[in-house]
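I opened a fresh page for this structure and kept short notes on each thing I looked up, in the order in which I looked.

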Amino acid sequence: MTTILRTPKTWPAILLPRDDRDPLDLDAARTAGAFEGLGRALHDLGSAGTIATLAAAGLRGRGGAGFPTADKWRAAANAGGADVVLAGTAGGVGMAVRRHVVANGYGADPSSATDRTLLERNPYAVLEGALIAALAIGARDAIVAVRAEATDAIRTLETAIARMIEANLAGDDLLGSGMSVELSVRPVQGAYMLGEETVLLKALEGKRGQPEQRPPQPAVKGLFGEPTVVQNVQTLATVPWILANGADAFAAIGSPDSPGTILVSVRAPGGSGVAEVPIGTPLRDIVALAGKDAGKNLKAILVGGPSGGILPAALGDTPYEFGALRAAGAHIGSGSIVAADRKACVVDLARLLTRFCADEACGKTIPCRIGLRRISEIGDRIATGVPKPTDLYLLTDLSMDVVGSGLCDHERLATLPFASGMRYFQSELDEHILRSSCPAGVCRPIAVAAGAAAQ
């Protein structure tokens, strides 16, 4: 089981309970406040009030893009005509338009265990959030998509749903309101691309996992061509806390632009694990959670998973926040943070990450299918000491082409490892290209002598 890293007691805990209660103990969960948010959504706030509360709280999606949650829910509720009339007390929901909620718990990044950890340790928060989302947009079903190999998470969710149905917290007549929402778990199997929401929807439809052109967004045309809210499980697990504690309480946590907490998966030479941190926490402080030696001899921090940015140790004070990371050349992505010490080679790391992204690409578009492969090949040449004089120019031009013409964020973000490497570690690239030398002693490029070449 994934290690939960110890965090300061002054940091709020919204997603991961700090006690050792059984995650499937429904009575203990309700004693701790579970399903209070659902009751407020059903009996007090209604659809419009629920969405307005999330807007006031400033909740943004935790899946990497940071899109305002309220805007997405409002778009889905209004798609095809505003027929959601859940308001005040028990009210009904018109069903002129069929809608869906999909909780994305696939956790595509192999370096991150945040989503799986949440599903295993706090399943009721995710399921309650999915119910609230369904009620807010007028959906009758909410699907939790989970990686098929995550058997513990699947068993936990299925057991939790069964107990909720028995307690009248899911299925028909929720809490005596007359409302009905069907909860289900869908194990899905596929590649890294399933982290992209339109690819995940294709997989749920039993089709080939490839991204779709947007617009229209899934909130307007999603699962089976019907309005669908696709939301990361962390986002949904945050919703009940906001409804139970109020928008102002949530907005006071974390960054003014991105309130609340988020799960991060930290890997460092001193240790690894998952932690819940307030958004806006400096990268250096997050790395330090992995152990007292985690920040020793720190050289670089990979932020965002395989398609993340490689930032130098000098930027350790950068806030872990959507806008600040984008400005620095990284992104939140899968919630993965990997700290590298002086033994790591940035060139080798960038080429391995780019090769992974190229291998995992679905191949639907030429910039992704060919462009990422060419970038990977240039990285291999530089790392093995046989670069071409124009390789840095080619890297820059190819990256700009891929970003400018990419269909989805996978291909656009896959250029970040080398883009950030050229931005912050130019001298290390120059050592590889001009002197066929790897300062870290990792690549060990082969320099071809002039005499040997003449033979």
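Before reading any cysteine I fixed my terms: a residue is buried when its relative accessible area is under 20%, exposed when that area is over 50%, and partly exposed in between. I also noted at the outset that this is a predicted model.

**Entry 1, cysteines.** I searched for disulfides and counted zero. Cys 345 is in no disulfide, and I found its nearest cysteine sulfur, that of Cys 443, 3.6 Å away; a disulfide needs the two sulfur atoms within 2.5 Å. Is Cys 345 buried or exposed? I read a relative accessible area of 4% for Cys 345, so I entered this residue as buried. Cys 362 is likewise in no disulfide, the nearest cysteine sulfur being that of Cys 368 at 5.9 Å. Because its relative accessible area is 19%, I entered Cys 362 as buried too.

**Entry 2, the cavity.** I then looked for enclosed space and found one cavity of 30 Å³ or more, with a volume of about 30 Å³ for the largest cavity. Which residues line the largest cavity? I listed Val 346, Val 347, Ala 350, Phe 418, Gly 421, Phe 425 and Leu 429. Two elements, α12 (346–360) and α16 (416–424), each give two or more residues to this lining, and the largest share, three residues, comes from α12. Sorting the lining by character, I got six nonpolar residues, one polar and no charged.

**Entry 3, a hairpin.** I turned to strands β5 (residues 261–268) and β6, which run antiparallel and are joined by eight bridges. The two strands form a hairpin, with two residues between them, and I noted that Ala 268 has Gly 271 in β6 as its bridge partner. When I checked how far β6 (residues 271–278) is covered, I found six of its eight residues buried.

**Entry 4, salt bridges.** My search of the whole structure returned 24 salt bridges, and I followed up some of them.

- Arg 21 pairs with Asp 19, the closest N and O atoms being 2.8 Å apart. Arg 21 has a relative accessible area of 27% and is therefore partly exposed, and Asp 19, at 43%, also counts as partly exposed.
- Glu 226 pairs with Arg 98, with the closest N and O atoms 4.0 Å apart. This pair links distant parts of the chain, 128 residues apart: Glu 226 is in the loop between α7 (197–204) and β4 (228–232), and Arg 98 is in the loop between α3 (69–78) and β1 (100–105).
- Lys 202 pairs with Glu 212 at 3.3 Å between the closest N and O atoms. Since Lys 202 lies in helix α7 and Glu 212 in the loop between α7 and β4, the pair ties together parts that are ten residues apart in sequence. I entered Lys 202 as buried because its relative accessibility is 18%, whereas Glu 212, at 34%, counts as partly exposed.
- Lys 72, Glu 196, Glu 197 and Arg 214 are linked in a network of salt bridges.

**Entry 5, a glycine.** Where does Gly 295 lie? I placed Gly 295 in the loop between α10 (283–288) and β7 (298–303). With a relative accessible area of 43%, Gly 295 is partly exposed. Its C-alpha atom and that of Gly 209, a residue 86 positions away along the chain, are separated by 39 Å.

Key
Residues are numbered from 1 along each chain as its sequence is written. This is a predicted model: local features need pLDDT of at least 70, side-chain atom pairs count only at pLDDT 80 or more; totals for chains, interfaces and linings use all residues. Side-chain values use heavy atoms; hydrogens and water are left out. Helices (H or I, at least four residues) and strands (E, at least two) are DSSP runs, numbered from the N terminus. Buried means under 20% relative accessible area, exposed over 50%, partly exposed in between (1.4 Å probe, protein chains only). Two strands pair if DSSP finds at least two bridges between them. On a 1 Å grid over the protein atoms alone, a cavity is a set of points where a 1.4 Å probe fits but cannot get out, and a pocket is an open set with protein on both sides within 12 Å along at least five of seven lines; lining residues have an atom within 4 Å of a point. Grid points are joined across faces, edges and corners, and a volume is the space filled by probe spheres set on the points. Ala, Val, Leu, Ile, Met, Phe, Trp, Tyr, Cys and Pro count as nonpolar, Asp, Glu, Lys and Arg as charged, and the others, Gly among them, as polar. A salt bridge is a side-chain nitrogen of Lys or Arg within 4 Å of a carboxyl oxygen of Asp or Glu.
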